[in-house]
Amino acid sequence: MGIKEWDEQDRPREKLMSRGASELSDAELLGVLIGSGTPERSAVEVGRLLLDAVGGNLVELGRMSLAELQAFDGIGPARGVGIVAALELGRRRRAAELPTTDRIAGSTDIVSIFGPLLADLPHEEVWAMLLSRSKRILERFRVSQGGVEGTVIDPRIVIRRALDRNASGLVLVHNHPSGAAAPSEQDLLNTRKIRLAASYFDMRLLDHVIIADSESFSFAEQGLL
C-alpha cells in the first residue's frame with residue numbers, strides 16, 4: 001500500500017506538519033527526503049531499507065557515498081543528493097551548536113571543537129589550530145583532505161601559516177574513518193616532522209589529537225610529544 005493510501009496521520013509529511021519533525025521515526029524522515037517510493041515499496045520502506053543496511057546507525061548512513069546510496073532501488077541521483085545534503089546539514093548544525101572557547105586548556109577542548117566536524121566523515125582530514133602564547137586560538141584551518149586510508153601533511157603549509165599569524169604554539173587534529181583512534185606509524189612520523197619543523201621557529205607543537213567515532217587519542221596526554 002502506497003503512502004497516499006495510508007491514514008492521513010500516518011503519512012510522514014502530514015505527520016511532520018501536524019505533530020512536528022521530532023515525532024517521525026528515522027525511516028519516516030528519510031521517506032520525506034525520498035519523496036516517493038517504487039511500485040513495490042513506499043518512500044518510508046525505502047528509507048527503512050537504507051537504515052537496515054547500516055544497522056540503523058545514522059553515522060554510518062552519513063558515510064555512504066552518493067554511488068552507494070544510488071545502489072538502492074528507489075534512490076536516484078536527485079534523491080541521493082538530497083539525502084547527502086540533509087545529513088551534511090545535520091553534521092554542520094551539530095558543530096555549530098557546541099559551545100566554543102577562545103582558549104585551549106587541554107585535549108578535551110580540542111575534541112569538543114573538532115569532534116563534530118570530523119568524527120563521522122568517510123574520509124580523512126587534517127586540521128591545524130594556531131595558538132598565542134597564552135593558548136588563545138588565533139586560527140584553525142584544514143591542512144589537507146585524503147581518502148579512507150590517510151592523507152598527506154606538508155609541514156611547510158602549517159609552519160608558513162603559523163609564521164604569518166605570529167603563533168607561539170600549534171595543534172594538529174585529524175580523524176580516523178576506521179573508528180579506531182590509535183595512531184599509525186605515519187601519524188607518528190607526521191607528528192615528529194611537524195614538531196621538529198616548529199622548533200626551528202621557536203614554536204611548540206602542543207598536541208596532536210586523533211578523533212574517531214566514539215574515542216580520541218591525544219599525543220600530549222600519552223607523553224608522545
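This is a quick walk through some of the salt bridges in this structure.

Okay, one thing before we start: what you have in front of you is a predicted model. Searching the whole structure turns up nine salt bridges, and I'll go through a few of them.

Let's begin with K15 and E28. Their side chains form a salt bridge, at 3.1 Å from N to O. Where do K15 and E28 sit? K15 is in helix α1, residues 12-19, and E28 is in helix α2, residues 26-34, so to speak a link between distant parts of the chain, 13 residues apart. And are they buried or exposed? Both K15 and E28 are buried.

Next up, D213 and R63. Here the closest N and O atoms are 2.3 Å apart. This pair also ties together distant parts of the chain, with the two positions 150 residues apart. D213 is in the loop between β4 (204-211) and β5 (216-218), while R63 is in the loop between α4 (58-62) and α5 (66-70). D213 is partly exposed, at 37% relative accessible area. R63 comes out at 13%, and because buried means under 20%, R63 counts as buried.

Now for D154 and R156. Their salt bridge has its closest N and O atoms 3.0 Å apart. D154 has a relative accessible area of 21%, so it is partly exposed. R156, at 58%, is exposed.

One last thing, going back to R63 and D213: which residues do shared salt-bridge partners join into one network? That would be E60, R63 and D213.

Conventions
Residues numbered from 1 in each chain as written. Predicted model: local features only at pLDDT ≥ 70, side-chain atom pairs only at ≥ 80, totals over all residues. Heavy atoms only, no water. Salt bridge = Lys/Arg side-chain N within 4 Å of Asp/Glu carboxyl O. Helix = DSSP H or I, 4+ residues; strand = E, 2+ residues; numbered from the N terminus. Buried < 20%, exposed > 50% of the residue type's maximum accessible area, 1.4 Å probe, protein only.
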